Amino acid sequence: MSVARPTRTRKDSAPAKSGKKTPERGAGGRAPAGRPVPGPGSAPDPGHRRDLLETMLRIRRFEERCVELYSATKIRGFVHLYIGEEAVAVGVTQALAPEDAVVSTYREHGHALARGIPADAVMAEMYGRTTGCSGGRGGSMHLFDASRRFYGGNAIVAGGLPPAAGLALADRMRGQNRVTCCFFGDGAFAEGEFHETANLAALWRLPLLLVCENNLYAMGTALARHEAQTDLAMRAASYGMVAWTVDGMDVEAVEQAARRAVEGIRTGTGPHFLELRTYRFRAHSMYDPDRYREKQEIEKWKSRDPIELLRDRMRENGELRDKDMARIERRITAEIEHAVEAAEQAPREPVGDLLRHVTSSPAGAVS
């Protein structure tokens, strides 16, 4: 398993040198679903690994189906695929409890599914149907489910960071031992919202987990072309928070780092930052011709496909047989096809309801 690299902390007497790698230690405990998670030095649990594999595969197959539906004009608008980054969403959400909050980006299908929003509700939202998790109002970029404390997709780069700080501040003021997890991309470092949020989170010691999905490209601009310092964990640490760089293609490394970070946040040490180095295999969006990357670069990253990495690891350990994998594939395929059929049959919002939740009642009508 790949390792995470601690970058800097407020209490370090000497910051770790760039490039030096130190094995991360998992925080142990239990996943939200209740399955025991191995602590430091213990053998991995095959059942837990299978859960990780199934969730990543569900995200991958869901999005591949969305490509087909988009090409058939069943899904409209902007669609940003998460294919290749599944280990980030799955690993991080394993460390969160149901009462914790999640704030996402416009590339949030994987976050929503990993958080437990049913595929039926996500697919219906993609179709813009009333049975969608946002009532058909949000579409691909604005998935929302308050019952699971999943506070959206956000179409604005870095737009989720200030609300995430607000959620964390509210929990702290109410004395609730909750964590708010905010996902964002490397492009957010070019926005003032990141720096304002990082500064206040560290200053007020907010229970905030900042998760940077560094896929090396802000839309079509390579990280090295818009940032002079590309060690994003080092930059986050300059605000006085604990920060690590983690292999974002290894779901187990992601989970261990996220559990360690969440454990630290719950003990009152303030915000933590994870730079998860990952890669999207598809273009920025379905509209993007993807001419800014070399095919060789894409293929190189595909050789570290997070699903294949975990699958091969399990096979080598005798934890997964071909018939087991085939059974998982059949079950997930059936689940997604059911979601598509349900979305096709779900009603559209009546035209007469279009102003609902948009305008308030006239002042004279308020009793």
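**Exercise 1. Getting oriented**

How many helices and strands does the protein chain have?

*Solution.* Start with what you're looking at: this is a predicted model, where local features need pLDDT of at least 70, side-chain atom pairs count only at pLDDT 80 or more, and totals for chains, interfaces and linings use all residues. Residues are numbered from 1 along each chain as its sequence is written, and side-chain values use heavy atoms, with hydrogens and water left out.

Now the count: the protein chain has twelve helices and eight strands. Helices (H or I, at least four residues) and strands (E, at least two) are DSSP runs, numbered from the N terminus.

Next, burial. Of the 367 residues in the protein chain, 51% count as buried. Buried means under 20% relative accessible area, exposed means over 50%, and partly exposed is in between (1.4 Å probe, protein chains only).

Last, the contacts, meaning heavy atoms within 4.5 Å. Take those between residues at least 6 apart in sequence: 72% of them join residues at least 24 apart.

**Exercise 2. Into the core**

Work out which residues touch the most other members of the largest nonpolar core.

*Solution.* Begin with the term: a nonpolar core is a set of buried Ala, Val, Leu, Ile, Met, Phe, Trp, Tyr and Cys residues joined through side-chain atoms within 4.5 Å. The largest one holds 72 residues, and Phe62, Ile75, Val92, Met123, Leu209 and Leu274 touch the most other members. Helix 1 (residues 46–71) gives the most to this core, with ten residues. Apart from it lies another core of 28 residues, including Ala165 and Leu167.

Then pick one member and look around it. Leaving out residues up to four places away in sequence, Leu209 touches ten residues you can list: Val92, Val179, Thr180, Cys181, Cys182, Ala261, Val262, Ile265, His272 and Leu274.

**Exercise 3. Helix 9 under cover**

Find out how many residues of helix 9 are buried, and what they pack against.

*Solution.* First, check the length. Helix 9 (residues 251–266) has 16 residues and reaches 22 Å from its first C-alpha to its last, close to the 22 Å expected at 1.5 Å a residue. The expected span is 1.5 Å times one less than the number of residues.

Second, check the cover: twelve of the 16 residues in helix 9 are buried. Those buried residues pack against helix 1, helix 2 (86–94), strand 4, strand 7 (242–247), strand 8 (272–277) and helix 11.

Third, zoom in on Ile265, which lies in helix 9. Ile265 counts as buried because its relative accessible area is 4%. Its C-alpha is 8.2 Å from that of Leu206, although the two are 59 residues apart along the chain.

**Exercise 4. A salt bridge across the chain**

Which residue meets the side chain of Glu252 in a salt bridge?

*Solution.* A salt bridge is a side-chain nitrogen of Lys or Arg within 4 Å of a carboxyl oxygen of Asp or Glu. The partner of Glu252 is Arg49, at 2.8 Å, N to O. This pair links distant parts of the chain, with Glu252 in helix 9, Arg49 in helix 1, and their places 203 residues apart in sequence. Both Glu252 and Arg49 are buried.

For another pair, try Arg293 and Asp290, where the closest N and O atoms are 2.9 Å apart. Arg293 is buried at 7% relative accessibility, and Asp290 is buried at 18%. Back to Arg49 and Glu252: salt bridges that share partners join them with Asp250, Arg313 and Glu319 into one network.

**Exercise 5. Odd backbone angles**

Is Ala158 buried or exposed?

*Solution.* Locate Ala158 in the loop between helix 4 and helix 5 (161–173). Its phi is near 70°, a positive value in a residue other than glycine. Ala158 counts as buried because its relative accessibility is 8%.

Now compare Leu216, in the loop between strand 4 (208–214) and strand 5 (217–218). Leu216 has a positive phi of about 80° although it is not a glycine. At 26% relative accessibility, Leu216 counts as partly exposed.
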